[in-house]
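Hi,

Here is the model we talked about passing on. Have a look at it first, then read my notes underneath.

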Amino acid sequence: MFSKFFIDMSYGQIIVAYCAAGLFIMYGLFLSLRRVWPHFIVQDVDSDFISGLHAALFTITFLTLGYSLSNVTETVDKYQQDVTAEANELKTLDMLATFYDTPGSMKLRQDLRKYALSIVNDEWPQLFMGKGSDKTLELQRNMRAELQKFSPVNGKELAIYSQMLESIPRIVHARNARILNADTKVSRPFLATNNIGYLGILIISALMLTQFTWFRFLTLNIQVVAVSFLFAATIVLDNPFGGVDRVSPAPILNIAESSLITF
């Protein structure tokens with residue numbers, strides 16, 4: 001639910017949303033405290049303690065957010081490499097079918113092109129839901145069934161056919177792995193911990209504002225903006241197949257388009 005709320009937001013919109021929420025909570029708490037307890041001010045004896053607690057909580061939250069960002073960035077890079085590898089497997093099968101050079105192999109190439117296009121057009125929009133397309137699966141089955149009709153009659157065809165049979169399981173595995181990867185998210189408890197830490201920072205910031213100075217006012221606002229940038233970067237990368245900054249199907253689309261050209 002958390003990811004779906006941000007799914008259609010751009011990176012900038014998520015930053016604005018987190019900034020707005022952070023400033024609303026911080027100043028809402030501060031103004032509420034002023035209304036309920038108008039003369040409350042953090043005493044000097046507690047000022048160092050609150051500043052130290054604020055610094056510690058801010059550092060922990062920043063570090064955990066940084067770890068989350070590093071984790072999702074590496075994940076997106078890996079998934080993009082996996083898509084490239086899947087495209088290479090499709091390209092290999094296409095080349096083998098070209099070398100086989102029979103009417104059946106040309107039909108296989110047509111099926112392969114339809115399958116690659118279906119990955120991009122039918123399956124990719126469903127990946128952010130963590131599931132694949134039934135149409136794409138059916139086209140994959142048709143491609144496998146077409147390959148089973150081959151009857152190699154000489155050593156060359158037998159050698160190529162054996163390589164095509166080895167390629168099919170890798171293509172099936174690549175698709176299954178991609179669908180499984182699409183449902184991978186940053187741990188919800190881990191992200192919840194980051195938000196709780198952020199909430200603690202905002203509460204302490206509201207208390208610090210009771211000893212108002214313009215320098216403190218400016219630095220606390222900068223703090224909200226800085227944390228919002230980290231949250232936004234983590235969230236926008238946490239949905240690698242559906243967000244605004246996502247894994248691209250371009251390598252597979254290139255295979256479909258290149259296959260069309262060579263027919």
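Below are my notes on the core, one cavity and one loop residue.

It's a predicted model, so local features need pLDDT of at least 70 and side-chain atom pairs count only at pLDDT 80 or more, while totals for chains, interfaces and linings use all residues. Numbering runs from 1 along each chain as its sequence is written, and side-chain values use heavy atoms, leaving out hydrogens and water.

Core first. The largest nonpolar core has 59 residues, and L90, L93, L108, W124, M164 and I252 touch the most other members. (A core here is a set of buried Ala, Val, Leu, Ile, Met, Phe, Trp, Tyr and Cys residues joined through side-chain atoms within 4.5 Å; buried is under 20% relative accessible area, exposed over 50%, with a 1.4 Å probe and protein chains only.) α3 gives the most, with 12 residues; helices are DSSP runs of H or I, at least four residues, numbered from the N terminus. L108 touches L93, A97, M143, E146, L147, F150 and M164, leaving aside residues up to four places away in sequence (contact: heavy atoms within 4.5 Å).

Next, the second largest cavity (points on a 1 Å grid where a 1.4 Å probe fits but cannot get out; lining residues have an atom within 4 Å of a point). Its lining is V42, S47, I50, S51, L207, M208, Q211 and R216, with α3 giving the most, three residues.

Last, D101 sits in the loop between α3 (44-100) and α4 (103-127). Its phi is near 55°, positive in a non-glycine residue, and D101 is exposed at 57% relative accessible area.

Cheers

Note on methods:
Helix = DSSP H or I, 4+ residues; strand = E, 2+ residues; numbered from the N terminus. 1 Å grid on protein atoms, 1.4 Å probe; cavity = no way out; pocket = protein on both sides within 12 Å on 5 of 7 lines; lining within 4 Å.
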